[in-house]
Amino acid sequence: MKTENEQLVLACLKHDPRAQKQLYDRFAPTMLALCIRYMGNRDEAQDVLQDGFVKVFNSLRNLKDAAQLRSWIERIMINTALSSLRKKVDLVSIDEIPLGGNDFQVVNDLTQYDIDKIQQAITELPRMLRTTFNLREVEGYSDKEIAQQLGVGESTVRSNASRARQMLIAKLEKMGIHQR
């Protein structure tokens with residue numbers, strides 16, 4: 001007996017519009033949130049979401065295991081967002097962004113903050129910092145993998161991750177969000 005995901009994928013492969021809508025409706029809200037994390041605003045995120053779902057439907061025959069459907073779609077959305085970000089001018093380097101000296105208080109554990117406020121603060125980071133933070137801290141990619149995806153050195157990835165963390169903490173503190 002086929003699982004729900006297997007049945008859905010098979011129906012989508014047969015170009016069944018109801019199945020395609022069902023797949024889209026099931027995953028679009030979560031994937032939109034993922035796209036917003038990378039793109040920083042809803043309009044750009046919706047563009048990435050649409051482009052990503054076009055890729056999903058065009059590549060569905062390449063899905064090896066329907067049980068992995070969600071993570072497979074997530075990878076497509078992340079890659080679509082990264083591709084879009086690479087086209088943006090401000091993704092090249094953030095070395096010129098000042099750290100603000102003593103304005104930043106380094107806290108080792110961001111989990112002490114409210115998750116909704118963290119997500120809001122992430123979307124406000126400069127693109128390169130936001131992208132690095134998402135890939136490393138949220139998606140769990142290694143520094144080496146991130147460096148390859150972004151075309152930068154591993155030391156740049158570590159530096160960007162550190163800056164992103166510091167800026168997030170500063171943003172949260174500025175918002176009046178205190179550690180739990």
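**Helices H2 and H3 in questions and answers**

Biologist: What is the relative accessibility of Phe57?
Modeller: This is a predicted model, in which local features need pLDDT of at least 70, side-chain atom pairs count only at pLDDT 80 or more, and totals for chains, interfaces and linings use all residues. Residues are numbered from 1 along each chain as its sequence is written, and side-chain values use heavy atoms, with hydrogens and water left out. Phe57 counts as partly exposed (buried is under 20% relative accessible area, exposed over 50%, partly exposed in between, with a 1.4 Å probe and protein chains only). Its relative accessibility is 25%.

Biologist: Which residue forms a tilted aromatic pair with Phe57?
Modeller: The structure holds two aromatic pairs (ring centres of Phe, Tyr or the six-membered ring of Trp within 6.5 Å; planes under 30 degrees apart are stacked, over 60 edge-to-face, the rest tilted). In this one the centres are 6.2 Å apart and the planes meet at 35 degrees, so the pair is tilted. The partner of Phe57 is Phe53.

Biologist: How far apart are Phe53 and Phe57 in terms of helical turns?
Modeller: Both residues belong to helix H3, residues 42–59 (helices are DSSP runs of H or I, at least four residues, and strands runs of E, at least two, numbered from the N terminus). Phe53 is buried, at 2% relative accessible area. Because they are four residues apart in H3, Phe53 and Phe57 are separated by about one helical turn.

Biologist: Which residue joins Phe53 and Phe57 in one aromatic cluster?
Modeller: The cluster consists of Phe53, Phe57 and one further residue. That residue is Tyr24.

Biologist: At which residue does H2 bend?
Modeller: Helix H2 (residues 17–39) has 23 residues and would span 33 Å if straight, but its end C-alpha atoms are 29 Å apart (expected span is 1.5 Å times one less than the number of residues). The bend is about 45 degrees, and a proline, Pro29, follows within four residues (the bend is the angle between axes fitted to the seven residues ending there and the seven starting there). The residue at the bend is Ala28.

Biologist: How far apart are the end C-alpha atoms of H3?
Modeller: H3 has 18 residues, which should span 26 Å at 1.5 Å a residue. The distance in the model agrees with this, at 25 Å.

Biologist: Which helices do the buried residues of H3 pack against?
Modeller: The buried residues of H3 include Glu44, Val48, Leu49 and Phe53. Contact here means heavy atoms within 4.5 Å. The buried residues of H3 pack against H2, helix H4 (69–86) and helix H6 (127–138).

Biologist: Which residue caps the N-terminal end of H3?
Modeller: The capping residue sits in the loop between H2 and H3 and is partly exposed, with a relative accessible area of 30%. Its side-chain oxygen lies 3.1 Å from the backbone nitrogen of Asp43 (a polar contact is a pair of N or O atoms within 3.5 Å; within protein, one must be able to donate a hydrogen and the other to accept it, and residues adjacent in sequence count only if both atoms are side-chain atoms). The cap is Asn41.

Biologist: How far is the C-alpha atom of Asn41 from that of Thr123?
Modeller: Along the chain, Asn41 and Thr123 are 82 residues apart. Their C-alpha atoms are separated by 7.1 Å.

Biologist: What is the phi of His15?
Modeller: His15 is found in the loop between helix H1 (4–13) and H2 and counts as exposed at 60% relative accessibility. Its phi is positive in a residue other than glycine, whereas just after H2 it is a glycine, Gly40, that takes a positive phi of about 90 degrees. For His15, phi is near 60 degrees.
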